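Visitor: I'd like a close look at one part of this protein, the aromatic pairs. Could you walk me through them and then tell me how far to trust the picture?

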Amino acid sequence: MAVLETTILLIILVILSNIISHYLVAVPTALIEIAVGVIAALFLHLDIELQTDWFMLLFVAPLLYNDAKHFPKKELWELRAPIFANAIFLVFLTTIAGGLLINLFIPQVSLPLAFALAAVLSPTDPVAVQGIAEQVKLPKRILTLISGESLINDASGLIAFKYALAAFLTGTFSLRQASGDFIYMTLIGILTGYIISRLIYLIQRSLLRQGIQDVILHSSLQVMTPFVIFIMAEIVRASGVIAVVVSGVMAIQQEPLFRGQFSEIKIVTNKLWDIIIYLLNGIVFVVLGTTLPYAMRGAIINPTINNALLILYVIIVWLILMIIRTLWTYAYMWYHYFKAKDNIQLKPKFSIAILTGLTGVRGAVTMAMVLSIPFFLPNGAVFQERYLIIFLASGVILASLLVAVITLPIFTKQKKRLILAGDEGTQEPIDDSNNSSQLPEIEARKLMTKRAIQSLQQELNNENQLIINDILQDFDKQLRFLYLDDNHTSNTVYYELESDYRCQAADFETNKVMEILPQLALPKKIEQNYLKMLEYKQRAHSSNVKIIIQRSLYKVQKKIKRIVYQTFLKRQPEKSQLDNVKKITLLEVKSSEATFDMLNDCQNNLDKADKYFTVKYNILNQLMMEYTSKIHRIQHYHLIQESSYQEIYRDYFLRALDEERGMIQKLLEQGRISNTMANQLRQGINYNETSFLQTNIED
């Protein structure tokens, strides 16, 4: 019962912390969660015994798996050298150099124990860094570097801590054994993660091929993957951390399982993962907050050590770790600078090295590791330095978080490009819109539309190409309209030019239809109704009406076409119906192809000296895309009429709208838009969603 009550209380505290974070936007959510945990420990006497084994399984495994699964593959490959250098060599350098310096400045800590303390403080915490980065807008490649580093350095940090602590407890240390264990745990961990993730993937694919599309079943398999892999790796004495990271990276490269009719499985799984990661991230820092008072109390009440001296020791340890990380980064930047053959890179800046040093934030993994220190020595004596080590580790965790919160905004406030040596060609500039000034509404809409387009393009494959391209066409047109306000062409001129070209296209298409129609020998009634439809289409483009009105008229035109197909054709014998459908299909394809060729010729003959050349070119390009899409839709008319097509289309469209909503929330949390604007933008999305669903119901 106590476990259940504690779990519910932790979830409530996480929710409370996130509510507070929406009001205290300048304070990282991680710090708020730690503060809430401290308050719960002091006033509610919430005491959680943090053990390394269950903490790594329950929290670290799923969090690292999710991070690795969503880590950009391109960036991971581009930064593979600095990521692995930081995750492995920097950890061991921190353990050795840090241990020597800690022992030098803090005589109460013996050399083996100093190595153990440096090792336990060597891994960085990606969750804390990313929480801070949302407020201070760290340069992209620095954030990518520390995120990739933190996926792996937990394993090297654990091994270094294990052997350093063993050396202190037993008085013996074998470099050969430690190196052998590290290589074994790494290689077997990689192999275990690859084999089991591949096996789970094959099981899911086999179930789907057999028609087993149980949403809950497949979601459960996805959620259990990191736990199973971590346990199996630990059983064979390999690194569970490495195994789950490899499994997550493998998930990026595997062929997507959930396509088309399986999209519900993907949606449910993604949302379930979002909830799990949301809660686990929060609980990690709340638990960290609850353990800090109890962990530090033993050292504070120790009469042999002055409390002010304890705080000084914390500052010294943090400075040692920060200086080692900064100098390592600076040396690595110079190495890349001299390694470049052309040597055209900018000289490394020490400010960038300091920025990278400040991002070395420690977190809950460090706390879980240090709390695993035993209370008694092998000879039965009390481990007197235990509380001192725990206090120093806890203090460094808080110091690294607080210093990062205070100093990173100062370093990232400049508007210059922050460039890592060797990254000049790919480094993105800091987005200046993330300062105190807020975005105008049109800029916010652009970001929303771009996010929707990006999400759709990521889903594009041979099976859903027709559907995705149809939706992309609408979003692309929407984005083009938004960009009108950024150039020197007024909306009136744009609409006039577009209306003129659409009118030309409609007239040409009508003339082509009139040319082909006598050759098809269609029934007179069908000819009359088809010509009425074309006449209506011409009216839609012959006046300077707004695009939204043209779309409404075009919907009416489509309904007339449906009447032609469904009403007049059904009155004829089945064979005649089929023949007439084929004739109309041929008529529309030929007239559309001819119109496309006409527009292409018109585009090729544009005068580049014309001040509206770019506008005209884009309009013609858009019209050609529409006719290409029309031809494709006609040729796949039987597929489009299937209910599965409509369901998949609706699914992708609504998911694109959800991406737009997610961008609104992100901009709001970053302080780039106001609550009023956010509500206006959401209302626009809700209107589009309602209109779309209502149209589907009517159809």
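Guide: Before we start, one cut-off: a residue is called buried under 20% relative accessible area, exposed over 50%, and partly exposed in between. Keep in mind, too, that this is a predicted model.

By that yardstick Y330, at 23% relative accessibility, is partly exposed, because its value falls between the two limits. F350, at 37%, lands in the partly exposed class as well. These two residues make a pair: their ring centres are 5.0 Å apart and the planes sit at 90 degrees, so we call it edge-to-face. Along the chain they are 20 residues apart, with Y330 in helix α13 (residues 307-339) and F350 in helix α14 (residues 350-358), and the pair links distant parts of the chain. W334 joins in here too: Y330, W334 and F350 form one aromatic cluster.

Now for the wider tally. Searching the whole structure turns up eight aromatic pairs. One of them is F168 with F383, whose ring centres lie 5.2 Å apart with planes at 20 degrees, so this pair is stacked. It links distant parts of the chain: F168 belongs to helix α8 (residues 140-170), F383 to the loop between α15 (364-370) and α16 (386-411), and 215 residues separate them. Both F168 and F383 are buried.

While we're on side chains, have a look at the surface as well. Y184, M224, V228, I231, M232, I235 and V236 form a nonpolar patch there, with about 600 Å² of accessible area together. Helix α10 (residues 215-235) gives the most to this patch, five residues. M224 has its place in that helix, α10, and with a relative accessible area of 44% it is partly exposed.

So how far can you trust it? The protein's mean pLDDT is 75, and 76% of its residues reach 70 or more. Among the elements, α10 has the highest mean pLDDT (89), while helix α21 (residues 547-568) has the lowest (48). Two stretches call for some care. Over residues 414-436 pLDDT stays under 50, and the model has 45 contacts beyond four places in sequence for them. Residues 543-555 also stay under 50, with 20 such contacts in the model. Where pLDDT is low, the predicted coordinates shouldn't be read in detail.

How values were computed:
Residues are numbered from 1 along each chain as its sequence is written. This is a predicted model: local features need pLDDT of at least 70, side-chain atom pairs count only at pLDDT 80 or more; totals for chains, interfaces and linings use all residues. Side-chain values use heavy atoms; hydrogens and water are left out. Patches are made of residues with over 30% relative accessible area and no salt bridge: like charges are joined within 9 Å, nonpolar side chains (Val, Leu, Ile, Met, Phe, Trp, Tyr) within 5 Å. Accessible areas come from the Shrake-Rupley method with a 1.4 Å probe; for residues, only the protein chains shown count as cover. A salt bridge is a side-chain nitrogen of Lys or Arg within 4 Å of a carboxyl oxygen of Asp or Glu. Helices (H or I, at least four residues) and strands (E, at least two) are DSSP runs, numbered from the N terminus. Buried means under 20% relative accessible area, exposed over 50%, partly exposed in between (1.4 Å probe, protein chains only). Rings of Phe, Tyr and Trp (its six-membered ring) pair if their centres lie within 6.5 Å; planes under 30 degrees apart count as stacked, over 60 as edge-to-face and the rest as tilted. pLDDT is the predictor's confidence in each residue, from 0 to 100. Contact means heavy atoms within 4.5 Å.
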